[in-house]
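Please open the structure in a viewer and keep the sequence panel visible. The tour below proceeds by selection, one stop after another.

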Amino acid sequence: MAESVATAATPVVANRGAITVCVILAVIMQALDTTIANVALPYIQGSVSASADQINWVLTSYIVAAAIMTPPSGFLAARFGRKRVLSVAIIGFVVASMLCGAAQSLTQIVGFRLLQGFFGAALVPVSQSILLDIYTPEERGSAMALFGVSVMVGPVLGPVIGGWLTENISWRWVFYINLPLGALALAGVGIFVTETKSNVLARLDWIGFGALSLAIASLQLFLDRGAQLDWFSSLEIIVEATVCVAAIYILVVHTLTAENSFIKPRLFLDRNFSVGMIFIFIVGITYLASLALMTPYLQTLMGYPVVTAGVVMGPRGMGTMLCMFLVGRLIGKVDIRILLGAGLAVSAWAMYDMAGWTPDVSQQTIIVTGFIQGAGLGLLFVPLTTVTFSTLQPQDRGDATGLYNLSRNIGSSVGISIVSYLLTRNVQVNHAEIATYVTPFNRIFEMPAIKDAWDPLTLAGRAALDEVITRQAMIIAYIDDFKLLMILCLAAMPFLALLVTSKQKKAPSDDHPVVME
(Lines give C-alpha, C1' and ligand atoms only; values in the text may rest on other atoms or scores of the structure.)
Protein backbone atom coordinates (compact mmCIF):
# COMPACT_ATOMS: atom_id res chain seq x y z
CA MET A 1 0.00 0.00 0.00
CA ALA A 2 2.80 2.36 0.97
CA GLU A 3 4.54 1.54 -2.28
CA SER A 4 1.50 2.38 -4.36
CA VAL A 5 1.05 5.65 -2.51
CA ALA A 6 4.70 6.56 -3.10
CA THR A 7 4.41 5.64 -6.75
CA ALA A 8 1.33 7.72 -7.21
CA ALA A 9 3.01 10.64 -5.50
CA THR A 10 5.81 10.59 -8.07
CA PRO A 11 4.61 12.42 -11.18
CA VAL A 12 5.57 11.44 -14.69
CA VAL A 13 8.26 13.95 -15.61
CA ALA A 14 8.80 15.01 -19.21
CA ASN A 15 12.40 15.08 -20.47
CA ARG A 16 13.55 13.00 -17.51
CA GLY A 17 16.61 11.80 -19.38
CA ALA A 18 17.68 15.37 -20.20
CA ILE A 19 17.20 16.43 -16.57
CA THR A 20 19.30 13.49 -15.42
CA VAL A 21 22.11 14.38 -17.83
CA CYS A 22 22.28 18.05 -16.84
CA VAL A 23 22.23 17.49 -13.07
CA ILE A 24 24.76 14.64 -13.36
CA LEU A 25 26.96 17.01 -15.39
CA ALA A 26 26.80 19.54 -12.53
CA VAL A 27 27.82 16.81 -10.06
CA ILE A 28 30.74 15.67 -12.26
CA MET A 29 31.94 19.27 -12.56
CA GLN A 30 32.01 19.61 -8.77
CA ALA A 31 33.56 16.16 -8.26
CA LEU A 32 36.34 16.88 -10.77
CA ASP A 33 37.46 19.95 -8.84
CA THR A 34 38.03 17.88 -5.73
CA THR A 35 41.07 16.18 -7.32
CA ILE A 36 41.82 17.82 -10.67
CA ALA A 37 44.05 20.47 -9.08
CA ASN A 38 46.19 17.91 -7.22
CA VAL A 39 48.58 17.08 -10.05
CA ALA A 40 48.89 20.78 -10.94
CA LEU A 41 49.94 21.83 -7.43
CA PRO A 42 53.71 21.90 -8.11
CA TYR A 43 53.09 24.13 -11.17
CA ILE A 44 50.73 26.41 -9.24
CA GLN A 45 53.30 26.55 -6.44
CA GLY A 46 55.98 27.85 -8.78
CA SER A 47 53.62 30.27 -10.49
CA VAL A 48 52.48 31.97 -7.27
CA SER A 49 55.78 31.55 -5.36
CA ALA A 50 54.32 29.51 -2.49
CA SER A 51 56.05 27.13 -0.07
CA ALA A 52 55.26 23.40 0.07
CA ASP A 53 52.91 23.76 3.06
CA GLN A 54 51.28 26.98 1.78
CA ILE A 55 50.28 25.50 -1.57
CA ASN A 56 48.00 22.98 0.13
CA TRP A 57 45.73 25.89 1.02
CA VAL A 58 44.54 25.54 -2.58
CA LEU A 59 43.06 22.18 -1.55
CA THR A 60 41.99 22.89 2.02
CA SER A 61 40.30 26.23 1.29
CA TYR A 62 37.94 24.53 -1.19
CA ILE A 63 37.16 21.68 1.20
CA VAL A 64 36.56 23.99 4.19
CA ALA A 65 34.19 26.25 2.23
CA ALA A 66 32.27 23.21 0.98
CA ALA A 67 32.11 21.85 4.54
CA ILE A 68 30.64 25.11 5.85
CA MET A 69 28.00 25.45 3.13
CA THR A 70 26.87 21.81 2.80
CA PRO A 71 24.58 21.71 5.90
CA PRO A 72 22.46 24.78 4.96
CA SER A 73 21.98 23.68 1.32
CA GLY A 74 18.69 21.98 2.23
CA PHE A 75 17.40 25.19 3.83
CA LEU A 76 18.37 27.25 0.78
CA ALA A 77 16.57 24.85 -1.58
CA ALA A 78 13.43 24.93 0.59
CA ARG A 79 13.49 28.70 0.99
CA PHE A 80 14.26 29.75 -2.59
CA GLY A 81 13.47 26.69 -4.73
CA ARG A 82 15.78 23.98 -6.05
CA LYS A 83 16.05 25.22 -9.62
CA ARG A 84 16.99 28.72 -8.54
CA VAL A 85 19.56 27.50 -5.99
CA LEU A 86 21.10 25.02 -8.46
CA SER A 87 21.33 27.67 -11.20
CA VAL A 88 22.98 30.21 -8.87
CA ALA A 89 25.36 27.50 -7.62
CA ILE A 90 26.43 26.60 -11.17
CA ILE A 91 26.92 30.25 -12.18
CA GLY A 92 28.86 31.06 -9.01
CA PHE A 93 31.00 27.93 -9.33
CA VAL A 94 31.93 28.69 -12.94
CA VAL A 95 32.71 32.36 -12.22
CA ALA A 96 34.88 31.37 -9.25
CA SER A 97 36.65 28.81 -11.47
CA MET A 98 37.46 31.50 -14.04
CA LEU A 99 38.84 33.71 -11.27
CA CYS A 100 40.99 30.82 -9.98
CA GLY A 101 42.43 30.35 -13.46
CA ALA A 102 43.26 34.05 -13.73
CA ALA A 103 44.75 34.35 -10.19
CA GLN A 104 48.19 35.92 -9.93
CA SER A 105 49.02 35.29 -6.28
CA LEU A 106 48.51 32.68 -3.58
CA THR A 107 46.08 34.97 -1.73
CA GLN A 108 43.93 35.38 -4.83
CA ILE A 109 43.75 31.71 -5.74
CA VAL A 110 42.95 30.67 -2.14
CA GLY A 111 40.24 33.32 -1.92
CA PHE A 112 38.69 32.25 -5.22
CA ARG A 113 38.87 28.59 -4.20
CA LEU A 114 36.86 29.55 -1.12
CA LEU A 115 34.22 31.00 -3.44
CA GLN A 116 34.30 27.79 -5.49
CA GLY A 117 33.65 25.74 -2.37
CA PHE A 118 30.83 28.01 -1.19
CA PHE A 119 28.93 27.72 -4.48
CA GLY A 120 29.89 24.11 -5.21
CA ALA A 121 28.61 22.80 -1.87
CA ALA A 122 24.97 22.93 -3.02
CA LEU A 123 25.54 21.17 -6.36
CA VAL A 124 25.64 17.61 -5.01
CA PRO A 125 22.76 17.58 -2.47
CA VAL A 126 20.37 19.64 -4.66
CA SER A 127 21.12 17.49 -7.72
CA GLN A 128 20.48 14.37 -5.65
CA SER A 129 17.13 15.76 -4.46
CA ILE A 130 16.07 16.52 -8.04
CA LEU A 131 16.89 12.97 -9.15
CA LEU A 132 14.92 11.49 -6.27
CA ASP A 133 11.92 13.61 -7.24
CA ILE A 134 11.79 12.62 -10.90
CA TYR A 135 12.17 8.84 -10.45
CA THR A 136 9.65 6.41 -9.00
CA PRO A 137 10.58 4.43 -5.87
CA GLU A 138 11.26 1.37 -8.02
CA GLU A 139 13.72 3.31 -10.18
CA ARG A 140 15.49 5.26 -7.46
CA GLY A 141 18.01 2.52 -6.75
CA SER A 142 19.32 2.70 -10.31
CA ALA A 143 19.22 6.51 -10.24
CA MET A 144 21.28 6.60 -7.03
CA ALA A 145 23.76 4.09 -8.45
CA LEU A 146 24.27 6.42 -11.44
CA PHE A 147 24.55 9.34 -9.04
CA GLY A 148 27.18 7.52 -6.96
CA VAL A 149 29.22 6.74 -10.07
CA SER A 150 29.12 10.40 -11.12
CA VAL A 151 30.43 11.42 -7.69
CA MET A 152 33.31 8.96 -8.06
CA VAL A 153 34.19 10.05 -11.61
CA GLY A 154 36.21 12.93 -10.12
CA PRO A 155 38.86 10.75 -8.41
CA VAL A 156 39.19 8.69 -11.62
CA LEU A 157 39.32 11.39 -14.28
CA GLY A 158 40.56 14.33 -12.19
CA PRO A 159 44.27 13.43 -12.05
CA VAL A 160 44.34 12.29 -15.68
CA ILE A 161 42.57 15.34 -17.14
CA GLY A 162 44.41 17.70 -14.81
CA GLY A 163 47.76 16.22 -15.80
CA TRP A 164 47.05 16.44 -19.53
CA LEU A 165 45.81 20.05 -19.35
CA THR A 166 48.76 21.14 -17.21
CA GLU A 167 51.31 19.48 -19.46
CA ASN A 168 49.88 20.50 -22.84
CA ILE A 169 48.25 23.87 -22.15
CA SER A 170 48.58 25.40 -18.66
CA TRP A 171 47.65 24.66 -15.06
CA ARG A 172 45.08 27.45 -15.37
CA TRP A 173 42.99 25.21 -17.64
CA VAL A 174 42.22 22.82 -14.78
CA PHE A 175 39.87 25.63 -13.72
CA TYR A 176 38.89 27.00 -17.14
CA ILE A 177 37.54 23.58 -18.14
CA ASN A 178 34.55 24.23 -15.88
CA LEU A 179 33.24 26.91 -18.28
CA PRO A 180 31.92 24.55 -21.03
CA LEU A 181 30.74 21.99 -18.46
CA GLY A 182 28.96 24.65 -16.43
CA ALA A 183 27.39 26.26 -19.52
CA LEU A 184 25.90 22.92 -20.63
CA ALA A 185 24.63 22.12 -17.12
CA LEU A 186 23.13 25.60 -16.69
CA ALA A 187 21.37 25.45 -20.08
CA GLY A 188 19.93 22.05 -19.23
CA VAL A 189 18.71 23.17 -15.82
CA GLY A 190 17.15 26.31 -17.30
CA ILE A 191 15.33 24.45 -20.07
CA PHE A 192 14.27 21.15 -18.49
CA VAL A 193 14.15 21.46 -14.68
CA THR A 194 10.91 22.79 -13.16
CA GLU A 195 10.97 25.00 -10.08
CA THR A 196 9.79 23.70 -6.71
CA LYS A 197 7.66 25.70 -4.32
CA SER A 198 9.60 28.03 -2.06
CA ASN A 199 8.78 28.09 1.64
CA VAL A 200 8.93 31.70 2.82
CA LEU A 201 8.47 30.53 6.41
CA ALA A 202 11.67 28.44 6.39
CA ARG A 203 14.18 29.70 8.94
CA LEU A 204 17.85 28.98 9.46
CA ASP A 205 19.44 28.86 12.90
CA TRP A 206 21.95 31.63 12.19
CA ILE A 207 23.59 31.43 15.63
CA GLY A 208 24.35 27.73 15.27
CA PHE A 209 25.39 28.07 11.63
CA GLY A 210 27.60 31.08 12.40
CA ALA A 211 29.28 29.37 15.36
CA LEU A 212 29.95 26.23 13.32
CA SER A 213 31.36 28.22 10.40
CA LEU A 214 33.60 30.29 12.69
CA ALA A 215 34.87 27.16 14.45
CA ILE A 216 35.76 25.42 11.17
CA ALA A 217 37.44 28.49 9.64
CA SER A 218 39.50 29.32 12.75
CA LEU A 219 40.54 25.68 13.20
CA GLN A 220 41.77 25.52 9.61
CA LEU A 221 43.71 28.79 9.95
CA PHE A 222 45.20 27.50 13.19
CA LEU A 223 46.41 24.30 11.50
CA ASP A 224 47.63 25.95 8.28
CA ARG A 225 49.40 28.94 9.85
CA GLY A 226 50.70 27.32 13.04
CA ALA A 227 53.87 25.83 11.62
CA GLN A 228 54.90 29.08 9.91
CA LEU A 229 54.32 31.22 12.99
CA ASP A 230 55.80 28.81 15.57
CA TRP A 231 52.43 27.95 17.06
CA PHE A 232 51.57 29.57 20.39
CA SER A 233 54.53 31.94 20.33
CA SER A 234 52.46 33.91 17.78
CA LEU A 235 49.60 36.20 18.82
CA GLU A 236 47.71 35.29 15.62
CA ILE A 237 47.73 31.59 16.50
CA ILE A 238 46.58 32.32 20.06
CA VAL A 239 43.69 34.42 18.72
CA GLU A 240 42.68 31.72 16.22
CA ALA A 241 42.78 29.00 18.89
CA THR A 242 40.75 31.17 21.28
CA VAL A 243 38.14 31.95 18.61
CA CYS A 244 37.87 28.26 17.70
CA VAL A 245 37.33 27.16 21.32
CA ALA A 246 34.85 29.99 21.95
CA ALA A 247 32.89 29.17 18.78
CA ILE A 248 32.72 25.47 19.70
CA TYR A 249 31.52 26.40 23.21
CA ILE A 250 28.79 28.66 21.80
CA LEU A 251 27.77 25.94 19.30
CA VAL A 252 27.52 23.25 22.00
CA VAL A 253 25.61 25.43 24.48
CA HIS A 254 23.26 26.74 21.79
CA THR A 255 22.67 23.24 20.41
CA LEU A 256 21.74 21.89 23.84
CA THR A 257 19.49 24.80 24.85
CA ALA A 258 17.87 26.19 21.67
CA GLU A 259 14.42 24.97 20.67
CA ASN A 260 15.22 24.54 16.96
CA SER A 261 19.02 24.38 16.76
CA PHE A 262 21.12 24.01 13.62
CA ILE A 263 22.43 20.66 14.87
CA LYS A 264 19.92 18.24 16.41
CA PRO A 265 21.54 16.82 19.59
CA ARG A 266 19.28 13.75 19.56
CA LEU A 267 21.13 12.50 16.49
CA PHE A 268 24.21 11.75 18.59
CA LEU A 269 22.20 9.54 20.94
CA ASP A 270 22.12 7.05 18.08
CA ARG A 271 25.19 4.88 18.50
CA ASN A 272 25.58 3.94 14.86
CA PHE A 273 25.44 7.56 13.76
CA SER A 274 28.03 8.67 16.33
CA VAL A 275 30.41 5.84 15.40
CA GLY A 276 29.80 6.51 11.69
CA MET A 277 30.80 10.16 12.19
CA ILE A 278 34.13 9.02 13.64
CA PHE A 279 34.67 6.53 10.82
CA ILE A 280 33.94 9.00 8.01
CA PHE A 281 36.23 11.55 9.66
CA ILE A 282 39.08 9.03 9.53
CA VAL A 283 38.18 8.09 5.93
CA GLY A 284 38.33 11.78 5.02
CA ILE A 285 41.79 12.08 6.55
CA THR A 286 43.28 9.01 4.91
CA TYR A 287 41.83 9.45 1.41
CA LEU A 288 42.49 13.07 0.41
CA ALA A 289 45.57 13.41 2.63
CA SER A 290 47.19 10.49 0.82
CA LEU A 291 46.30 12.09 -2.53
CA ALA A 292 47.90 15.36 -1.38
CA LEU A 293 51.07 13.43 -0.52
CA MET A 294 51.22 11.38 -3.71
CA THR A 295 51.34 14.32 -6.12
CA PRO A 296 54.59 15.91 -4.87
CA TYR A 297 56.07 12.45 -4.24
CA LEU A 298 55.63 11.42 -7.88
CA GLN A 299 56.59 14.75 -9.44
CA THR A 300 59.27 16.02 -7.04
CA LEU A 301 60.98 12.89 -5.76
CA MET A 302 60.44 10.55 -8.69
CA GLY A 303 60.58 13.16 -11.44
CA TYR A 304 57.38 12.03 -13.17
CA PRO A 305 55.90 14.34 -15.82
CA VAL A 306 52.54 15.69 -14.75
CA VAL A 307 50.64 13.53 -17.28
CA THR A 308 52.34 10.35 -16.08
CA ALA A 309 51.61 11.28 -12.47
CA GLY A 310 47.93 11.70 -13.33
CA VAL A 311 47.76 8.40 -15.19
CA VAL A 312 49.34 6.32 -12.41
CA MET A 313 47.00 7.92 -9.83
CA GLY A 314 43.87 7.25 -11.91
CA PRO A 315 43.47 3.51 -11.05
CA ARG A 316 42.89 4.47 -7.41
CA GLY A 317 39.44 5.80 -8.36
CA MET A 318 38.78 2.76 -10.57
CA GLY A 319 39.35 0.49 -7.57
CA THR A 320 36.86 2.54 -5.56
CA MET A 321 34.16 2.37 -8.25
CA LEU A 322 34.61 -1.37 -8.79
CA CYS A 323 34.31 -2.19 -5.10
CA MET A 324 31.33 0.12 -4.67
CA PHE A 325 29.41 -1.94 -7.25
CA LEU A 326 30.60 -5.19 -5.64
CA VAL A 327 29.71 -4.16 -2.09
CA GLY A 328 26.27 -3.00 -3.22
CA ARG A 329 25.48 -6.64 -4.04
CA LEU A 330 26.96 -7.96 -0.77
CA ILE A 331 25.06 -5.69 1.62
CA GLY A 332 22.31 -7.72 3.24
CA LYS A 333 24.19 -10.95 2.62
CA VAL A 334 27.40 -10.22 4.57
CA ASP A 335 27.73 -8.62 8.01
CA ILE A 336 28.45 -4.94 7.43
CA ARG A 337 31.11 -5.00 10.16
CA ILE A 338 33.03 -7.60 8.14
CA LEU A 339 32.93 -5.36 5.06
CA LEU A 340 34.09 -2.34 7.06
CA GLY A 341 36.86 -4.36 8.72
CA ALA A 342 38.01 -5.59 5.30
CA GLY A 343 38.00 -2.02 3.97
CA LEU A 344 40.09 -0.73 6.88
CA ALA A 345 42.49 -3.69 6.61
CA VAL A 346 42.97 -3.21 2.85
CA SER A 347 43.50 0.55 3.30
CA ALA A 348 46.01 -0.05 6.11
CA TRP A 349 47.88 -2.59 3.97
CA ALA A 350 48.12 -0.10 1.10
CA MET A 351 49.57 2.53 3.46
CA TYR A 352 51.98 -0.06 4.86
CA ASP A 353 53.18 -0.84 1.35
CA MET A 354 53.60 2.87 0.56
CA ALA A 355 55.64 3.29 3.75
CA GLY A 356 58.24 0.99 2.17
CA TRP A 357 58.54 2.95 -1.06
CA THR A 358 61.65 4.66 -2.35
CA PRO A 359 61.91 6.83 -5.51
CA ASP A 360 63.03 3.65 -7.31
CA VAL A 361 59.60 2.00 -6.94
CA SER A 362 58.13 0.84 -10.25
CA GLN A 363 55.09 2.31 -11.97
CA GLN A 364 53.39 -1.06 -11.77
CA THR A 365 53.73 -1.09 -7.97
CA ILE A 366 52.33 2.44 -7.70
CA ILE A 367 49.35 1.56 -9.90
CA VAL A 368 48.59 -1.72 -8.09
CA THR A 369 48.93 -0.19 -4.62
CA GLY A 370 46.79 2.78 -5.64
CA PHE A 371 44.13 0.44 -7.02
CA ILE A 372 44.17 -1.56 -3.77
CA GLN A 373 43.88 1.61 -1.69
CA GLY A 374 40.93 2.72 -3.81
CA ALA A 375 39.35 -0.72 -3.40
CA GLY A 376 39.65 -0.34 0.37
CA LEU A 377 37.84 2.97 0.14
CA GLY A 378 35.11 1.37 -1.98
CA LEU A 379 34.66 -1.32 0.68
CA LEU A 380 34.12 1.43 3.25
CA PHE A 381 31.89 3.99 1.50
CA VAL A 382 28.63 2.11 0.87
CA PRO A 383 28.46 -0.08 4.02
CA LEU A 384 29.53 2.83 6.22
CA THR A 385 26.79 5.05 4.81
CA THR A 386 24.25 2.24 5.18
CA VAL A 387 25.04 1.37 8.80
CA THR A 388 25.39 5.01 9.88
CA PHE A 389 21.81 5.82 8.87
CA SER A 390 20.24 2.39 9.44
CA THR A 391 18.98 3.07 12.98
CA LEU A 392 17.92 6.71 12.47
CA GLN A 393 14.33 7.77 11.95
CA PRO A 394 13.64 8.77 8.31
CA GLN A 395 12.74 12.34 9.30
CA ASP A 396 16.18 12.78 10.90
CA ARG A 397 18.21 11.70 7.89
CA GLY A 398 18.20 15.06 6.12
CA ASP A 399 20.04 16.74 9.02
CA ALA A 400 22.17 13.63 9.61
CA THR A 401 23.37 13.55 5.98
CA GLY A 402 24.59 17.15 6.24
CA LEU A 403 26.55 16.42 9.43
CA TYR A 404 27.94 13.20 7.96
CA ASN A 405 29.34 15.01 4.92
CA LEU A 406 30.54 17.84 7.16
CA SER A 407 32.58 15.34 9.19
CA ARG A 408 34.11 13.92 6.00
CA ASN A 409 35.05 17.36 4.69
CA ILE A 410 36.55 18.47 8.00
CA GLY A 411 38.52 15.22 8.17
CA SER A 412 39.87 15.84 4.67
CA SER A 413 40.96 19.43 5.38
CA VAL A 414 42.45 18.60 8.79
CA GLY A 415 44.24 15.56 7.34
CA ILE A 416 45.82 17.54 4.50
CA SER A 417 46.98 20.24 6.95
CA ILE A 418 48.46 17.76 9.42
CA VAL A 419 50.36 15.62 6.90
CA SER A 420 51.67 18.76 5.15
CA TYR A 421 52.91 20.18 8.45
CA LEU A 422 54.51 16.88 9.49
CA LEU A 423 56.14 16.52 6.07
CA THR A 424 57.73 19.97 6.26
CA ARG A 425 58.79 19.54 9.88
CA ASN A 426 60.18 16.03 9.48
CA VAL A 427 62.20 17.04 6.41
CA GLN A 428 63.95 19.65 8.56
CA VAL A 429 64.44 17.25 11.48
CA ASN A 430 65.72 14.44 9.27
CA HIS A 431 68.03 16.80 7.38
CA ALA A 432 69.60 18.02 10.63
CA GLU A 433 70.00 14.45 11.89
CA ILE A 434 71.62 13.13 8.72
CA ALA A 435 73.84 16.21 8.44
CA THR A 436 75.47 15.39 11.81
CA TYR A 437 77.36 12.60 10.01
CA VAL A 438 78.78 14.98 7.41
CA THR A 439 82.16 16.00 8.76
CA PRO A 440 85.69 16.06 7.28
CA PHE A 441 86.54 13.31 9.78
CA ASN A 442 84.03 10.82 8.40
CA ARG A 443 86.22 8.24 6.67
CA ILE A 444 83.57 7.55 4.00
CA PHE A 445 84.53 10.84 2.36
CA GLU A 446 88.03 9.49 1.79
CA MET A 447 86.67 7.08 -0.84
CA PRO A 448 87.59 8.49 -4.29
CA ALA A 449 84.16 8.08 -5.87
CA ILE A 450 82.39 9.84 -3.01
CA LYS A 451 85.04 12.53 -2.57
CA ASP A 452 84.84 13.52 -6.23
CA ALA A 453 81.05 14.02 -6.07
CA TRP A 454 80.37 15.06 -2.46
CA ASP A 455 83.52 16.58 -1.06
CA PRO A 456 82.39 18.53 2.05
CA LEU A 457 85.50 20.74 1.80
CA THR A 458 84.48 22.30 -1.56
CA LEU A 459 81.54 24.58 -2.36
CA ALA A 460 80.30 22.38 -5.22
CA GLY A 461 80.68 19.27 -3.10
CA ARG A 462 78.71 20.74 -0.22
CA ALA A 463 75.91 21.85 -2.56
CA ALA A 464 75.68 18.37 -4.12
CA LEU A 465 75.81 16.77 -0.67
CA ASP A 466 73.05 19.04 0.65
CA GLU A 467 70.83 18.07 -2.27
CA VAL A 468 71.31 14.36 -1.54
CA ILE A 469 70.66 14.83 2.18
CA THR A 470 67.48 16.82 1.50
CA ARG A 471 66.24 14.09 -0.83
CA GLN A 472 66.86 11.39 1.77
CA ALA A 473 65.21 13.51 4.46
CA MET A 474 62.12 13.87 2.24
CA ILE A 475 61.92 10.13 1.62
CA ILE A 476 61.93 9.44 5.36
CA ALA A 477 59.36 12.19 5.98
CA TYR A 478 56.99 10.66 3.42
CA ILE A 479 57.44 7.24 5.02
CA ASP A 480 56.49 8.73 8.42
CA ASP A 481 53.33 10.28 6.98
CA PHE A 482 52.27 7.04 5.30
CA LYS A 483 52.85 5.18 8.57
CA LEU A 484 50.64 7.69 10.39
CA LEU A 485 47.80 7.13 7.92
CA MET A 486 48.21 3.36 8.32
CA ILE A 487 47.98 3.68 12.12
CA LEU A 488 44.79 5.74 11.79
CA CYS A 489 43.17 2.99 9.70
CA LEU A 490 44.11 0.37 12.29
CA ALA A 491 43.01 2.59 15.20
CA ALA A 492 39.47 2.76 13.76
CA MET A 493 38.99 -1.02 13.87
CA PRO A 494 37.97 -1.29 17.59
CA PHE A 495 34.98 0.99 16.88
CA LEU A 496 33.49 -1.79 14.74
CA ALA A 497 32.42 -3.54 17.95
CA LEU A 498 30.17 -0.59 18.81
CA LEU A 499 28.09 -0.80 15.63
CA VAL A 500 24.57 -2.23 15.74
CA THR A 501 23.63 -4.27 12.69
CA SER A 502 19.89 -4.49 13.31
CA LYS A 503 17.78 -4.32 10.14
CA GLN A 504 16.64 -0.94 9.00
CA LYS A 505 12.89 -0.41 9.36
CA LYS A 506 11.08 0.13 6.11
CA ALA A 507 8.87 3.21 5.89
CA PRO A 508 6.91 4.82 3.05
CA SER A 509 9.26 7.82 3.11
CA ASP A 510 12.33 5.59 3.32
CA ASP A 511 12.22 3.94 -0.08
CA HIS A 512 15.59 4.91 -1.42
CA PRO A 513 19.16 4.34 -0.24
CA VAL A 514 21.18 7.11 1.31
CA VAL A 515 24.17 7.99 -0.86
CA MET A 516 27.10 9.93 0.51
CA GLU A 517 27.25 13.35 -1.12
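Select threonine 242 to begin; this residue is placed in helix H13. Helices (DSSP runs of H or I, at least four residues) and strands (runs of E, at least two) are numbered from the N terminus. The model is predicted, so local features need pLDDT of at least 70 and side-chain atom pairs count only at pLDDT 80 or more, while totals for chains, interfaces and linings use all residues. Residues are numbered from 1 along each chain as its sequence is written, and side-chain values use heavy atoms, with hydrogens and water left out.

Is threonine 242 buried or partly exposed? Threonine 242 counts as partly exposed, because its relative accessibility is 49%. The scale is as follows: buried means under 20% relative accessible area, exposed means over 50%, and partly exposed lies in between (1.4 Å probe, protein chains only). Now display the side chain of threonine 242, which reaches the backbone oxygen of isoleucine 238 at 2.7 Å. Such a polar contact is a pair of N or O atoms within 3.5 Å; within protein, one must be able to donate a hydrogen and the other to accept it, and residues adjacent in sequence count only if both atoms are side-chain atoms. Add alanine 215 to the selection: its C-alpha atom is separated by 9.9 Å from that of threonine 242, and the two residues are 27 residues apart along the chain.

**The loop after helix H13**

Move next to leucine 267, in the loop between helix H13 (235–257) and helix H14 (271–301). Leucine 267 counts as buried, because its relative accessibility is 1%. Which residues does leucine 267 contact, leaving aside neighbours within four places in sequence? They are Phe273, Leu392, Asp396, Asp399, Ala400 and Leu403. Contact here means heavy atoms within 4.5 Å. For one of these partners, leucine 392, the C-alpha atom is separated by 7.7 Å from that of leucine 267, although their positions lie 125 residues apart along the chain.

**Helix H17**

Select threonine 388, which lies in helix H17 (residues 363–389). Threonine 388 is buried, because its relative accessibility is 0%. A polar atom of its side chain lies 2.6 Å from the backbone oxygen of leucine 384. Apart from neighbours within four places in sequence, threonine 388 is in contact with Asp270, Asn272, Phe273, Gly276 and Tyr404.

**Helix H18**

Serine 407 is the next selection, in helix H18 (residues 397–435). Serine 407 is buried, since its relative accessible area is 8%. Where does the side chain of serine 407 reach? The side chain reaches the backbone oxygen of methionine 277, at 2.9 Å. Not counting residues up to four places away in sequence, serine 407 touches Met277, Ile280 and Phe281. The C-alpha atoms of serine 407 and isoleucine 280 are separated by 6.6 Å, and these residues are 127 residues apart along the chain.

Remain in helix H18 and select serine 420. Serine 420 also counts as buried, because its relative accessibility is 8%. Its side chain reaches the backbone oxygen of isoleucine 416 at 2.7 Å.

**Helix H5 and a charge over a ring**

Go now to alanine 78, found in helix H5 (residues 73–80). Alanine 78 counts as partly exposed, because its relative accessibility is 33%. Alanine 78 touches Lys197, Ser198 and Asn199, residues up to four places away in sequence not being counted. Then select arginine 79, which lies over the face of phenylalanine 80, at 5.0 Å from the ring centre. A charge sits over a ring if NZ of Lys or CZ of Arg is within 6 Å of the ring centre and within 35 degrees of the ring normal.

**Aromatic rings and cysteines**

Select Phe222, Trp231, Phe232 and Tyr421 together, for they form one aromatic cluster. The structure holds eleven aromatic pairs.

Colour the cysteines next. How many disulfides does the structure hold? The number is zero, a disulfide being a pair of cysteine sulfur atoms within 2.5 Å. Cysteine 244 is buried, because its relative accessible area is 10%; cysteine 323 is likewise buried, with a relative accessible area of 10%.

**The whole chain**

Finally, show the complete chain, which has 20 helices and zero strands. Buried residues make up 53% of its 517 residues. Among contacts with a separation of 6 or more, 83% join residues 24 or more positions apart.

Terms used. Phe/Tyr/Trp six-rings, centres within 6.5 Å; stacked < 30°, edge-to-face > 60°.
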